[in-house]
Amino acid sequence: DLAPLAALQEQLVLAAIDNLELGGVLVYSVCPLTKAETLGVAERVLAKRPDLKVLAPPASPWKRCGPGSILFPQAASTDGMFVLGLTRPE
């Protein structure tokens, strides 16, 4: 069941942000490519923490995916991944 996992991931990201210094960077990265664990977590975190700034996405072969970026397995002969870089502006 994805809902409890996505809720836990959201809690972990929010807890990490609470401990992030001003100017610090947090990278949320997951291998599952489910909407619940990628865009879902990203959108809920950003809705709860509008003070955060989203960092620029990685370069190709990464593709923009909402506020984050996604890497498809066929694009880099690797596992799929989602990444969201966040910072607390000074």
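This passage describes the fold of a predicted protein model, from its overall form to single residues.

The structure is a predicted model, in which local features need pLDDT of at least 70, side-chain atom pairs count only at pLDDT 80 or more, and totals for chains, interfaces and linings use all residues. Residues are numbered from 1 along each chain as its sequence is written, and side-chain values use heavy atoms, with hydrogens and water left out.

The protein holds 3 helices and 5 strands. Helices (H or I, at least four residues) and strands (E, at least two) are DSSP runs, numbered from the N terminus. Read from the N terminus, the order of elements is α-β-α-β-β-β-α-β. The C-alpha atoms fill a box of roughly 35 × 30 × 15 Å along the principal axes. The radius of gyration of the protein is 13 Å, which agrees with the value near 12 Å for a compact globule of 90 residues. This radius is taken over C-alpha atoms, and the globule rule is 2.2 Å times the number of residues to the power 0.38.

Buried residues account for 39% of the 90 residues. Here buried means under 20% relative accessible area, exposed means over 50%, and partly exposed lies in between (1.4 Å probe, protein chains only). The protein exposes about 5,200 Å², and carbon and sulfur atoms supply 59% of that area. Accessible areas come from the Shrake-Rupley method with a 1.4 Å probe; for residues, only the protein chains shown count as cover. Contacts, defined as heavy atoms within 4.5 Å, often span the sequence. Among those between residues at least 6 apart in sequence, 65% join residues at least 24 apart. There are 8 positive and 9 negative side chains, and the centres of the two sets lie 7 Å apart. Lys and Arg count as positive and Asp and Glu as negative; His and the chain ends are not counted. The place of a charge is NZ of Lys, CZ of Arg, CG of Asp or CD of Glu.

Strand β5 (residues 81–87) has several partners. Two strands pair if DSSP finds at least two bridges between them. Strand β1 (residues 25–30) is joined to β5 by 6 bridges, and the two run antiparallel. In this pairing Val30 stands opposite Phe82. Strand β2 (residues 53–54) also runs antiparallel to β5, with 2 bridges. There Lys53 faces Thr87 as its opposite residue. Strand β4 (residues 68–71) pairs with β5 in the antiparallel sense over 3 bridges, and Ser69 stands opposite Val83. Of the 7 residues of β5, 6 are buried, so this strand is largely enclosed by the rest of the structure.

Strand β4 has a second partner. It is joined to β3 by 3 bridges, again antiparallel. The hairpin of β3 and β4 has 2 residues between the strands, and Gly66 in this hairpin takes a positive phi near 60 degrees. In a regular strand the side chains alternate between the two faces of the sheet. In β4, Gly68 and Ile70 point one way and Ser69 and Leu71 the other, and all are buried.

Ser69 belongs to β4. With 1% relative accessibility, Ser69 counts as buried. Not counting residues up to four places away in sequence, Ser69 touches Pro57, Pro58, Trp62, Lys63, Arg64, Met81, Phe82 and Val83. Arg64 lies in strand β3 (residues 63–65) and stands opposite Ser69 in β4. With the same sequence neighbours left out, Arg64 touches Pro57 and Ser69. Arg64 and Val83 are 19 residues apart in sequence, with 9.7 Å between their C-alpha atoms.

The helices complete the picture. In helix α2 (residues 36–48), the buried residues are Glu37, Thr38, Leu39, Gly40, Val41, Ala42, Val45 and Leu46. Their cover includes α1, β1, β2, β3 and β5. Leu8 sits in helix α1 (residues 2–18). At 43% relative accessibility, Leu8 counts as partly exposed. Leu8 and Ser60 are 52 residues apart in sequence and 30 Å apart in space, C-alpha to C-alpha.
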